[in-house]
Amino acid sequence: MRRAILIASSFAVVLFAAACGAEGVVAPAPETVVGTLPQAQAVPVTPASKLKGDPAAGTKIFTSAGCIGCHTLAAAHATGTVGPNLDQAKPSYELVTARVTLGKGVMPKFGGQLTDQQIADVAAYVVKSTGGTPP
């Protein structure tokens with residue numbers, strides 16, 4: 001019986017000692033990275049991004065150019081689902097001018113259809129309406 005108590009006590013001490021200090025132990029981080037990390041793509045600089053846009057003029061252009069058919073933008077009462085929800089995306093002025101000018105994916109390019117000033121106006125409207133990053 002004494003032997004069983006001695007073995008049980010020894011086993012408890014070993015378990016206690018093994019658990020002691022285990023908290024906070026982490027595996028070491030690798031010293032080298034194999035491959036490359038993806039880089040954020042720079043937004044292309046467009047002529048419209050250098051202009052000061054007029055949000056009031058951009059309101060009319062947003063509607064007449066068909067933006068409301070693809071995008072959601074509460075200020076324009078637009079509920080399109082093809083393109084990004086602009087209220088959620090809160091795009092920067094530079095990004096809007098680049099996308100409207102050059103297009104991307106299913107977004108058609110409007111450079112050549114709209115003037116640089118009209119593109120700047122639309123960008124100013126979207127940024128003001130969404131709280132995106134101004135120029």
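Helices (H or I, at least four residues) and strands (E, at least two) are DSSP runs, and they are numbered from the N terminus. Keep that in mind as you work through these exercises, and remember that the model is predicted.

**Exercise 1. Work out which elements the protein has and in what order they run.**

Step 1: Count the elements. The protein has 5 helices and 2 strands.

Step 2: Put them in order. Starting at the N terminus, you should read α-α-β-β-α-α-α.

Step 3: Look at the whole chain. Of its 135 residues, 28% count as buried.

Step 4: Check how far apart in sequence the contacts reach. Take the contacts with a separation of 6 or more: 62% of them are between residues 24 or more positions apart.

**Exercise 2. Locate H77 and decide whether it is buried or exposed.**

Step 1: Find the place. H77 sits in the loop between β1 and β2 (78–79).

Step 2: Check the backbone. H77 isn't a glycine, yet its phi is positive, at about 55°.

Step 3: Use the cut-off. Exposed means over 50% relative accessible area. H77 has 74%, so it is exposed.

Step 4: Try the same with K90. This residue lies in the loop between α3 and α4, and its phi is positive too, at about 45°, although K90 is not a glycine. With a relative accessible area of 45%, K90 comes out as partly exposed.

**Exercise 3. Describe the surroundings of T72.**

Step 1: Place the residue. T72 belongs to strand β1 (residues 72–73).

Step 2: Judge the burial. Buried means under 20% relative accessible area. T72 is at 18%, so it counts as buried.

Step 3: Look for a polar partner. A polar atom of the T72 side chain lies 2.7 Å from the backbone oxygen of G80.

Step 4: Name the contacts. Leaving aside neighbours within four places in sequence, T72 is in contact with A78, T79, G80, P84, N85, L86 and D87.

**Exercise 4. Explain why T97 counts as buried, then find what it touches.**

Step 1: Find T97. You'll see it in helix α4.

Step 2: Read the accessibility. T97 counts as buried because its relative accessibility is 0%.

Step 3: Look for a polar partner. The T97 side chain has a polar atom 2.9 Å from the backbone oxygen of E94.

Step 4: List the contacts. Not counting residues up to four places away in sequence, T97 touches T46, A48, S49, I119, A120 and A123.

Step 5: Zoom out to the helix. In α4, the buried residues are Y93, V96, T97, A98, V100 and T101, and the buried residues of this helix pack against α5. Here's a handy rule: an α-helix has 3.6 residues a turn, so residues three or four places apart point the same way.

Step 6: Go just past the end of the helix. G103 takes a positive phi there, of about 70°.

**Exercise 5. Find the aromatic pair and say which parts of the chain it links.**

Step 1: Search the whole structure. You get 1 aromatic pair.

Step 2: Describe its geometry. The partners are F62 and Y125, with 5.7 Å from centre to centre and 65° between the planes, and the pair is edge-to-face.

Step 3: Trace the chain. F62 is in helix α2 (residues 55–64) and Y125 is in helix α5; they are 63 residues apart, so to speak at distant parts of the chain.

Step 4: Check burial. Both F62 and Y125 are buried.

**Exercise 6. Describe the largest pocket and the largest cavity by what lines them.**

Step 1: Start with the pocket. Its volume is about 440 Å³.

Step 2: Find its lining. There are 23 lining residues, and H71, P84, L86, R99 and M107 lie nearest the centre. The elements giving two or more residues to this lining are α3 (86–89), α4 (93–102) and α5 (116–130). Helix α4 gives the most, with 4 residues.

Step 3: Sort the pocket lining by class. You get 18 nonpolar, 3 polar and 2 charged residues.

Step 4: Move on to the cavity. The structure holds 1 cavity of 30 Å³ or more, and the largest cavity has about 30 Å³ of space.

Step 5: Name the cavity lining and sort it. C67, V100, M107, F110, L114 and V122 line the largest cavity. By class, that makes 6 nonpolar, no polar and no charged residues.

Note on methods. Residues are numbered from 1 along each chain as its sequence is written. This is a predicted model: local features need pLDDT of at least 70, side-chain atom pairs count only at pLDDT 80 or more; totals for chains, interfaces and linings use all residues. Side-chain values use heavy atoms; hydrogens and water are left out. On a 1 Å grid over the protein atoms alone, a cavity is a set of points where a 1.4 Å probe fits but cannot get out, and a pocket is an open set with protein on both sides within 12 Å along at least five of seven lines; lining residues have an atom within 4 Å of a point. Grid points are joined across faces, edges and corners, and a volume is the space filled by probe spheres set on the points. Ala, Val, Leu, Ile, Met, Phe, Trp, Tyr, Cys and Pro count as nonpolar, Asp, Glu, Lys and Arg as charged, and the others, Gly among them, as polar. Rings of Phe, Tyr and Trp (its six-membered ring) pair if their centres lie within 6.5 Å; planes under 30 degrees apart count as stacked, over 60 as edge-to-face and the rest as tilted. Buried means under 20% relative accessible area, exposed over 50%, partly exposed in between (1.4 Å probe, protein chains only). Contact means heavy atoms within 4.5 Å. A polar contact is a pair of N or O atoms within 3.5 Å; within protein, one must be able to donate a hydrogen and the other to accept it, and residues adjacent in sequence count only if both atoms are side-chain atoms.
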